[in-house]
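Here are some exercises to help you find your way around a protein you haven't met before. Try each task yourself, then read through the solution.

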Amino acid sequence: MSATTGVLFFFFIWVLSSSLPAPTMATFSFNLTVPHLLPDPEAVAYEVQRTVNDSFSRRQMLSIHSKGQANSCQTGNPIDDCWHCDSNWQANRQRLADCGIGFGRDAMGGKGGQIYIVTDSSDSDPVNPRPGTLRYAVIQDEPLWIVFSADMTIKLKYELMMNSYKTLDGRGANVHITGGGCITLQYISNVIIHNINIHHCIPTGHTNIRATPTHVGYRGKSDGDGISIFSSRNIWIDHCSLSYCTDGLIDAIMGSTGITISNNYFSHHDEVMLLGHDDGYSPDSAMQVTIAFNLFGEKLVQRMPRCRRGYIHVVNNNFRSWEMYAIGGSGGPTINSQGNLYIAPGDPNAKEVTKRVDTSAGDWSEWNWRTEGDVMVNGAFFVPSGDGLSNMYVKATSVAPKSAALVDQLTLNAGVFGGPRESGQSSSYPGDESSSSSRASGSDGGGDYFGMIFGGGNVNSAPSPPSLSVHIMVLILVTILALYTNSNYDALLSFTTLLL
């Protein structure tokens, strides 16, 4: 190919890709460079640890000066302590944008933009949304800090296509997003989603949807993710409650990077989180994700997360439930697991935290999977590999971790503030079985705050499953009921299995 021919070829591709709508452009993902890849992810992991140390140090000092009673605001969670301690935070909502940590810490959201108040919960027209609706707000080109005038449930008709530089701030209102889609971030950057309930999202599509004031594109059928991140960067998802979606609760694929997923409450779902499009999709090698201070609650099965390629920092999370595994991967991702609480299920075949998906041991033995200071309960165990078997994380280990009893404190307020988990009230939407009694209460636990939350510590075991005798008694009762009432035995048995 001559130089002139080469120039003409790339000019043709540029013109073609510029003229295509966003969904079609996925075919032309050249992405020859990764300008947003942070060259030293270990330094970011270290910085997360430092911020937690600082927050616990402040909490300890306040406790000393208050004669043993720590300020109720200072929880030791560096994100919450950054803004929640301001009693007048409503007057300075955009302060939240300065409180991010980890790989998504540069997400600006709508900082510097106008406050936009959603007053209309309807979603009737995906092409020409009405002013005052959430769909109208999120497609605008300028930065917007989006808040809600009152409690509302927004039942989406189709995917909610967001534009760059937006913050969804649900503080001060009980906001639920459900229905078709739900939230899609595609080819955009700088988004913050905070304090929103996202649940019961279902596949919809085969329609035109407006993504910006000037662009309407045809969308095929969506997967039914709670939040779908596609070729996007600088994303922060914080203090959301996610459950009951058709596909993933949060999926990040196709070269997305610069993501922090923090302080969220996940429950009632199978495939919780997918990070990476395909084992062979090389741009996902630049994916860098921080997963911090989340509570993985009731009735979760797998993918917390499931990773392909990239560097994933899983730090200070509370894993209360899984049925198959907690962290899985393929394609050689780097997993840096630090200071998490892993409580294994009763199933003796599901005690392992980790799972290498469809890969032989000979292939994954060099993958860099590391566990440091994780607390394993009820027989849980983590299988490290590669550099995770040695002491090569100099920056990440230089904090000299000592205490490991503070995970409950860091995840005390995970999920939406004021949600059922905190108040002990009944479910706020159909099918949700969560309650405040389902998680352990926070405790200072004493110890060396400046040492962070790694190392040994006493943690209560997970509740034991029903005994064998209980199972047998219930099955006998169901059999008698079926025989004497001519009921459908299979249906009764299936119902009994759900109860157990």
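## Exercise 1: The cysteines

Cys245 is buried, at 8% relative accessibility. Keep in mind that this is a predicted model.

**Task.** Find out how many disulfides the structure has and which parts of the chain Cys182 and Cys201 tie together.

**Solution.**

Step 1. Search the whole structure, and two disulfides turn up.

Step 2. Take the one that joins Cys182 to Cys201, with 2.1 Å from S to S. The torsion about its S-S bond is about -105 degrees, so this disulfide is left-handed.

Step 3. Now place the two ends. Cys182 lies in the loop between strand S6 (175–180) and strand S7 (183–186), while Cys201 is in strand S9 (residues 197–202), so the bond ties together parts that are 19 residues apart in sequence. Both Cys182 and Cys201 are buried.

Step 4. What about Cys245? Cys245 is in no disulfide, and its nearest cysteine sulfur, that of Cys201, is 3.5 Å away. The cut-off for a disulfide is 2.5 Å between sulfurs, so a gap like that doesn't count.

Step 5. Go on to Cys82 and Cys99, whose sulfur atoms are 2.1 Å apart in a disulfide. This one is left-handed too, because its S-S torsion is about -70 degrees. Cys82 sits in helix H3 (residues 78–83) and Cys99 in the loop between H3 and S1, so parts 17 residues apart in sequence are tied together. Cys99 is buried, at 3% relative accessibility.

## Exercise 2: Opposite charges

**Task.** Look at the salt bridges of Arg50 with Glu47 and of Arg219 with Glu159, and work out where in the chain the partners lie.

**Solution.**

Step 1. Start with the idea behind the search: side chains of opposite charge can pair when their charged atoms come close. In the whole structure, twelve salt bridges are found.

Step 2. In the bridge of Arg50 with Glu47, the closest N and O atoms are 2.5 Å apart. The two residues are three apart in helix H2 (residues 41–65), which means about one helical turn separates them. Arg50 is partly exposed at 31% relative accessible area, and Glu47 is partly exposed at 30%.

Step 3. Arg219 and Glu159 meet at 3.1 Å, N to O. Arg219 is in strand S11 (residues 215–219) and Glu159 in the loop between strand S3 (152–156) and strand S4 (160–161), so this pair ties together parts 60 residues apart in sequence. Arg219 counts as buried at 11% relative accessibility, and so does Glu159 at 6%.

Step 4. For one more case, try Asp408 and Arg320, with 3.3 Å between the closest N and O atoms. This pair links distant parts of the chain: Asp408 in helix H7 (residues 407–410) and Arg320 in the loop between S25 and S26, 88 residues apart. Asp408 is buried, with 16% relative accessibility.

Step 5. Finally, look for shared partners: salt bridges join Arg93, Asp169 and Arg171 into one network.

## Exercise 3: The rings

**Task.** Decide how the rings of Tyr116 and Tyr136 are arranged, then do it again for Trp322 and Tyr342.

**Solution.**

Step 1. Count first: there are ten aromatic pairs. In one of them, Tyr116 and Tyr136 have their ring centres 6.3 Å apart and 35 degrees between the planes, and the pair is tilted. Tyr116 is in strand S1 (residues 114–118) and Tyr136 in helix H4 (residues 134–138), 20 residues apart.

Step 2. Check the surroundings. Tyr116 is buried at 17% relative accessible area, whereas Tyr136 is partly exposed at 26%.

Step 3. The ring centres of Trp322 and Tyr342 are 6.5 Å apart and their planes stand at 75 degrees, so this pair is edge-to-face. Trp322 lies in the loop between strand S25 (318–319) and strand S26 (327–330) and Tyr342 in strand S28 (residues 341–343), so parts 20 residues apart in sequence are tied together. Both Trp322 and Tyr342 are buried.

Step 4. Follow the ring pairs onward and you get a cluster of Phe266, Phe296, Phe319, Trp322 and Tyr342.

Step 5. Rings can have charges over them as well. The charged end of Arg171 sits over the ring of Trp83, 4.5 Å from its centre, and that of Arg356 sits over the ring of Trp364, at 4.1 Å.

Key. Residues are numbered from 1 along each chain as its sequence is written. This is a predicted model: local features need pLDDT of at least 70, side-chain atom pairs count only at pLDDT 80 or more; totals for chains, interfaces and linings use all residues. Side-chain values use heavy atoms; hydrogens and water are left out. Rings of Phe, Tyr and Trp (its six-membered ring) pair if their centres lie within 6.5 Å; planes under 30 degrees apart count as stacked, over 60 as edge-to-face and the rest as tilted. Helices (H or I, at least four residues) and strands (E, at least two) are DSSP runs, numbered from the N terminus. Buried means under 20% relative accessible area, exposed over 50%, partly exposed in between (1.4 Å probe, protein chains only). A charge sits over a ring if NZ of Lys or CZ of Arg is within 6 Å of the ring centre and within 35 degrees of the ring normal. A salt bridge is a side-chain nitrogen of Lys or Arg within 4 Å of a carboxyl oxygen of Asp or Glu.
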